[in-house]
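This report starts with a group of paired strands and then turns to the chain as a whole. Keep the structure in view while reading.

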Amino acid sequence: MPDLLIELFSEEIPARMQARAADDLRKLVTDRLVAAGLLYDGAKAFATPRRLALAVAGVPVRQPDVKEEKKGPRVGAPEGAIKGFLKAAGLASIDQAKIEKDKKGDFYVAVIEKPGRPAIEVIGEIVPDVIRSFPWPKSMRWGAQSAKPGALGWVRPLHSILATFGPETEEPDIVPFAVDGIAAGDVTHGHRFLAPAPFRVKRLGDYVAKLEKAKVVLDAERRKEIILADAKNLAFAQGYELVEDPGLLAEVAGLVEWPVVLMGSFDESFLAMPPEVIRTTIRNNQKCFVLRASHPPLQGEGRRAAPGWGSAASTAPAERETPSRPAAPADLPPAGGGEAKAPLANKFILVANTEATDGGKAIIAGNERVIRARLSDAKFFYETDLKVKLEDRLPKFKGIIFHEKLGTQAERIERIERLAAELAPIVGADVEQAKRAARLCKADLLTEVVGEFPELQGLMGKYYALAQGEDASVAVACEDHYKPLGPNDRVPADFVSLVVALADKIDTLSAFWWINETPTGSKDPYALRRAALGVIRIILEKRLPLSLRGVVEKHFESSSWGAYSDHAENIDRLMAFLEDRLTVQLREQKARHDLVDAVLDAGSLVEGHRLISVVDRVEALGKFLDTEDGKNLLAGYKRATNIIRIEEKKDAREYVGAPDPQYYRQDEEWALARAIDAAKAEASAAVAREDFAAAMRAMAKLRPHVDAFFDKVTVNVEDKPLRENRLKLLNEIRQATRAVADFSKIEG
């Protein structure tokens with residue numbers, strides 16, 4: 001079957017838009033093909049800085065014929081109704097319709113046959129529509145056409161459209177259409193500088209091969225692989241190790257069509273700055289990679305413009321060599337956590353989009369000149385910051401509003417410091433260090449470096465705190481109090497950091513619940529879901545014995561937000577929100593949702609229960625229900641509750657309250673009653689000391705007595721007082737199990 005090839009050739013597409021645009025092109029075209037009845041075998045989209053391309057394999061030659069029946073008026077209907085039916089169905093006379101019967105009588109039915117159209121015609125209608133309605137985040141109009149109504153908008157000026165359609169064994173046809181005077185053809189262009197001449201292509205294989213010869217690597221993933229391999233090879237040969245950066249790699253791959261890796265250098269004096277400042281400066285301003293020292297240069301190796309290429313003019317990227325031994329994997333420095341391995345070298349890797357005749361010397365010199373200027377700026381900012389102590393910056397926070405309803409940043413820092421002092425003894429941190437860290441943790445927001453590079457907040461606070469002689473725990477807390485920043489980020493390790501991180505997040509949550517600005521749907525402008533997840537992860541991973549409700553209640557009272565009675569409802573809502581976040585977290589850890597619900601219903605955060613108690617109880621309940629005793633007790637519980645529910649509905653009353661021993665007639669009743677009393681007492685005591693495994697063992701002792709009761713005792717007897725007493729005894733089973741969980745929530 002024929003294949004379809006489309007290319008939209010334009011000026012440079014911003015790198016950040018390319019991947020989404022390629023996916024949009026694939027989806028928009030293939031959805032329309034399917035809607036038109038043109039089912040295909042497969043589709044793949046590509047993006048380079050100057051082109052979007054789509055290859056669709058196995059498209060039918062023509063649409064399938066369609067036959068449909070259109071029901072019309074009843075036989076004998078008024079002439080006007082019949083004429084309307086004929087017009088809608090495209091029939092010349094009513095004789096062309098057939099008559100069918102249903103329950104209401106005889107009706108006219110038109111059989112409409114629509115022959116399928118050639119696929120190339122349908123494609124010629126689909127592609128122009130897709131181009132005109134393409135969902136670019138930003139688009140522009142250009143040239144004389146831009147003055148006309150309905151002129152085409154594209155991300156950058158569109159120069160040509162390639163659209164071919166045909167089978168592998170034949171010369172493909174050009175899909176006949178035009179958009180704003182740009183007619184589709186079979187011609188494209190290669191690299192802007194290295195091979196700008198136009199050339200004709202037929203289908204995907206031909207297209208990719210000719211682009212390679214014209215110095216264009218079509219596939220973005222291949223460009224990434226080439227850049228990464230060549231950068232590692234060049235660094236390794238010079239005795240360095242590449243500091244990998246997946247985000248930068250993806251961006252750079254979107255800036256070049258023919259990647260050529262080069263190495264530049266900068267003055268060693270800049271290495272006196274924190275490595276993250278150097279890396280961020282070079283990354284943000286010049287899109288270059290940094291290196292760290294690894295080993296002495298290989299014998300006979302020197303700087304080269306494009307390692308592994310051989311003759312650059314004749315060797316395709318697919319033939320590039322790999323190093324004699326692979327470079328050691330360069331692990332990324334932890335986010336905001338400092339360089340993980342050797343210190344940075346005064347070298348950087350840049351990726352050019354051309355093979356320069358001078359081996360890249362001019363390109364390297366230009367990048368070195370810009371990087372030198374940017375690093376000089378960063379060094380000035382850093383040295384200026386070091387002249388002012390963090391504590392001396394704090395008065396400025398009195399003039400900075402945190403939130404119009406929550407006051408200034410200074411007031412917020414005071415709340416965090418006060419809460420940190422309360423949390424420190426519980427966590428086991430030094431109170432004075434916790435207070436000091438809380439006081440200084442936001443001070444770096446006012447520094448020059450963080451003003452230039454906001455992503456370095458916290459990290460720079462650590463460097464400045466160490467430089468001014470603060471305790472190491474205080475300095476680390478300045479950085480780590482933001483953690484965890486997401487589900488894959490680590491939680492703080494130091495006790496002081498844990499305290500400040502918790503205080504910061506709990507204050508944020510409490511404050512926004514106080515003013516009732518909480519997440520709604522997908523909107524969470526203050527990242528409150530992330531803050532809640534951070535609190536949960538810190539408490540669970542470090543097994544902190546905190547009652548969140550107690551902490552929040554005390555924080556409300558000490559923050560001049562009013563008496564507890566004024567905000568009890570807000571605190572209830574915050575605890576319920578944290579329960580929701582906890583439920584999501586536990587489900588992601590493969591905990592059964594019904595067990596989580598069962599435990600929270602019996603002992604929730606709203607009621608003041610501790611997070612670690614809830615999680616431990618869920619784990620213990622899951623293990624218990626995996627045993628035979630657990631399975632049989634759950635079955636007995638459900639049998640008991642089903643009987644009670646049916647009888648309560650039938651009698652229009654509830655069977656609650658303690659059963660009366662004078663109505664016990666059988667040994668099994670006495671045995672079950674005594675077992676329930678013992679299990680209640682034992683389980684409650686175990687729960688109180690948070691020994692949930694022991695609580696489950698206490699529940700397991702009920703199992704033989706429940707089984708014996710159902711085997712030997714008839715509940716629905718004629719004697720009404722006896723029946724009522726036995727139903728109350730069954731209800732006691734339900735009440736006993738609530739000591740550990742609400743078994744009614746458990747499935748199975």
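In which sense do strand β13 and β15 pair, and over how many bridges? The two strands pair in the antiparallel sense, over three bridges. Strand β13 covers residues 240–242, and its residue Leu242 stands opposite Leu291 in β15. The model is a predicted one.

**From β15 to β16**

Strand β15 covers residues 289–293 and has pairing with β16 as well. That pairing is again described by the antiparallel sense, with three bridges. Two residue pairs can be located in it: Val290 stands opposite Phe348 in β16, and Arg292 has Leu344 of β16 as its bridge partner.

Strand β14, residues 260–265, also pairs with β16 in the antiparallel sense, here over six bridges. Within this pairing, Ser265 has Lys347 in β16 as its bridge partner. Strand β16 therefore has pairings with β14 and with β15, while β15 has a pairing with β13 besides the one with β16.

The pairings are set out below.

| Strand | Paired strand | Sense | Bridges |
|---|---|---|---|
| β13 (residues 240–242) | β15 | antiparallel | three bridges |
| β15 (residues 289–293) | β16 | antiparallel | three bridges |
| β14 (residues 260–265) | β16 | antiparallel | six bridges |

**Burial of the strands**

Is β16 largely enclosed or largely open? Nine of the nine residues of β16, which spans residues 344–352, are buried, so the strand is largely enclosed by the rest of the structure. A residue is called buried when its relative accessible area is under 20%. For β15, four of the five residues are buried, so this strand too is largely enclosed by the rest of the structure. In a regular strand, side chains alternate between the two faces of the sheet.

**The chain as a whole**

The protein chain contains 25 helices and 18 strands. Of its 748 residues, 50% count as buried. Its exposed area is about 34,800 Å², and carbon and sulfur atoms supply 51% of that area.

What radius of gyration does the chain have, and what would a compact globule of 748 residues have? The chain has 36 Å, whereas the globule would have a value near 27 Å. Along the principal axes, the C-alpha atoms fill a box of roughly 105 × 100 × 55 Å.

Among contacts with a separation of 6 or more, 72% are between residues 24 or more positions apart. The chain carries 107 positive and 112 negative charges, and the mean positions of the two sets are 2 Å apart.

Terms used
Residues are numbered from 1 along each chain as its sequence is written. This is a predicted model: local features need pLDDT of at least 70, side-chain atom pairs count only at pLDDT 80 or more; totals for chains, interfaces and linings use all residues. Side-chain values use heavy atoms; hydrogens and water are left out. The radius of gyration is taken over C-alpha atoms; the globule rule is 2.2 Å times the number of residues to the power 0.38. Buried means under 20% relative accessible area, exposed over 50%, partly exposed in between (1.4 Å probe, protein chains only). Contact means heavy atoms within 4.5 Å. Accessible areas come from the Shrake-Rupley method with a 1.4 Å probe; for residues, only the protein chains shown count as cover. Lys and Arg count as positive and Asp and Glu as negative; His and the chain ends are not counted. The place of a charge is taken as NZ of Lys, CZ of Arg, CG of Asp or CD of Glu. Two strands pair if DSSP finds at least two bridges between them.
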